[in-house]
Amino acid sequence: MQQLIYFFQKYKYFLFFLLLQAIALFLTINNNNFHKSKFVSSANNVTGGFYERFSKLSDYFDLKSQNEALASENEHLKNLLEKYTSPKDSLGNYLVVDTVKYHQKYIYTKAKIIRNSYHKPSNYLLIDKGSNQSVSKEMAVINSKGIIGITEKSSTNYSRVQSILNSNSKINARLKNSNHFGTLIWNGKDYNTVQLEDIPRQAAIQVGDTIITGGKSTIFPEGILIGTIQSIDNRNSIDIRLFNDMSNLKHIYVVINLDKEEINALKNTENE
């Protein structure tokens, strides 16, 4: 307190001068339209720039909640699209259906990856959804760019996912421009590249062709993106460049097949 009093005593004339200057400036601006408009314009530029920077900073710190909101909206839209998309006939033509009676086959549940490995021969991911969210083993895990893996084990609130970058991974896949199927595997070398095996010799393939899921299992829906053909050394193994960067994953969807148990029950009768 003593130092504050000493400061005012020492600089009292200078502070009084600043006060008079402020009063003079206020009277000039307030009583002169030209000066007033210039001051308002300058003040708007300064405050506008400040608020713009503050808004950008606020948006940056708000990215997490914005991403959560976008993931929730995408989850809702995917489920809505799955519910109301008309099925196709054998020629690829859309069938007219009663949307009240049409049976929804898949449910998409949003989740986040909290741990991811991609350098090992057998890689796994950990996601923040489990049995409490109806997630169990052998469910597809995807994002907007394509496939990621298959759930292997689930606890109450978490699940372990076998990555497509796993030496044990075998996924049904096909060429987007034809109905020729093969098996998607990983040779353990490059985390951006997987291999497609067992493509029939009569299949017309070339570098740049898109590979998608084949839909021949109860795990992945048909048509989920995988990647493009990067090189063709021989028909036994074709390198596929993934659409996903497997080292940079966060928001994903778990795909729940509502018909899985019914289909598996019928498959089991084949051995009877």
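Start your tour by selecting α4 (63-84), the element that gives the most to the lining of the second largest pocket, with 5 residues. You're looking at a predicted model, by the way.

**Stop 1: the pocket**

Now select the whole lining: N67, L70, A71, N74, K78, N143, S144, H251, I252 and Y253. Which elements give two or more residues to it? Color α4 and β12, and you have them. What mix of residues do you see around the pocket? The lining divides into 4 nonpolar residues, 5 polar ones and 1 charged one. As for the space itself, the volume of this second largest pocket is about 190 Å³. Rolling a probe the size of a water molecule over the atoms shows where empty space is left.

**Stop 2: β12 and its neighbor**

Keep β12 (residues 251-257) on screen and add β1 (residues 106-116). These two strands pair in the antiparallel sense, over 7 bridges. Want one bridge to zoom in on? Pick Y106, whose bridge partner in β12 is N257.

**Stop 3: the hairpin**

Stay with β1 and select β2 (residues 122-127) as well. How many bridges join β1 to β2? There are 3, and the strands run antiparallel. Click I113 and you'll find I127 of β2 standing opposite. Together β1 and β2 make a hairpin, with 5 residues between them.

**Stop 4: two residues with positive phi**

Follow the chain out of β2 into the loop that leads to β3 (140-143), and select E138 there. E138 isn't a glycine, yet its phi is positive, about 60°. Is E138 buried, partly exposed or exposed? It is partly exposed, because its relative accessible area of 41% falls between the 20% and 50% cut-offs.

Next, jump to the loop between β8 (193-197) and β9 (210-213) and select D198. Here is another residue other than glycine with a positive phi, near 65°. D198 counts as exposed, because its relative accessibility is 55% and exposed means over 50%.

**Stop 5: a pair across the chain**

Select N177, in the loop between β6 (171-175) and β7 (181-185). With 55% relative accessibility, N177 counts as exposed. Now add T210 and draw a line from C-alpha to C-alpha. How far apart are N177 and T210 in space? The distance is 7.7 Å, although they sit 33 residues apart in sequence.

**Stop 6: the nonpolar core**

Time to go inside. In soluble globular proteins, nonpolar side chains tend to be buried together. The largest nonpolar core in this model has 43 residues, and I147, L184 and I240 touch the most other members. Which element gives this core its largest share? That's β12, with 5 residues.

Zoom in on I147 and show what it touches, leaving out residues up to four places away in sequence. Among its contacts are V141, I142, I164, I171, L184, F220 and I224. T213 and N244 are also on the list of residues that I147 touches.

**Last stop: the whole chain**

Zoom out and show everything as a cartoon. The chain has 5 helices and 12 strands. Color by burial, and buried residues make up 32% of the 272 residues. Finally, think about contacts with a sequence separation of 6 or more: residues 24 or more positions apart account for 57% of them.

Key: Residues numbered from 1 in each chain as written. Predicted model: local features only at pLDDT ≥ 70, side-chain atom pairs only at ≥ 80, totals over all residues. Heavy atoms only, no water. Pairing = 2+ DSSP bridges. Helix = DSSP H or I, 4+ residues; strand = E, 2+ residues; numbered from the N terminus. Buried < 20%, exposed > 50% of the residue type's maximum accessible area, 1.4 Å probe, protein only. 1 Å grid on protein atoms, 1.4 Å probe; cavity = no way out; pocket = protein on both sides within 12 Å on 5 of 7 lines; lining within 4 Å. Points joined across faces, edges and corners; volume = space filled by probe spheres on them. Nonpolar A, V, L, I, M, F, W, Y, C, P; charged D, E, K, R; others polar. Core = buried A, V, L, I, M, F, W, Y, C linked by side-chain atoms within 4.5 Å. Contact = heavy atoms within 4.5 Å.
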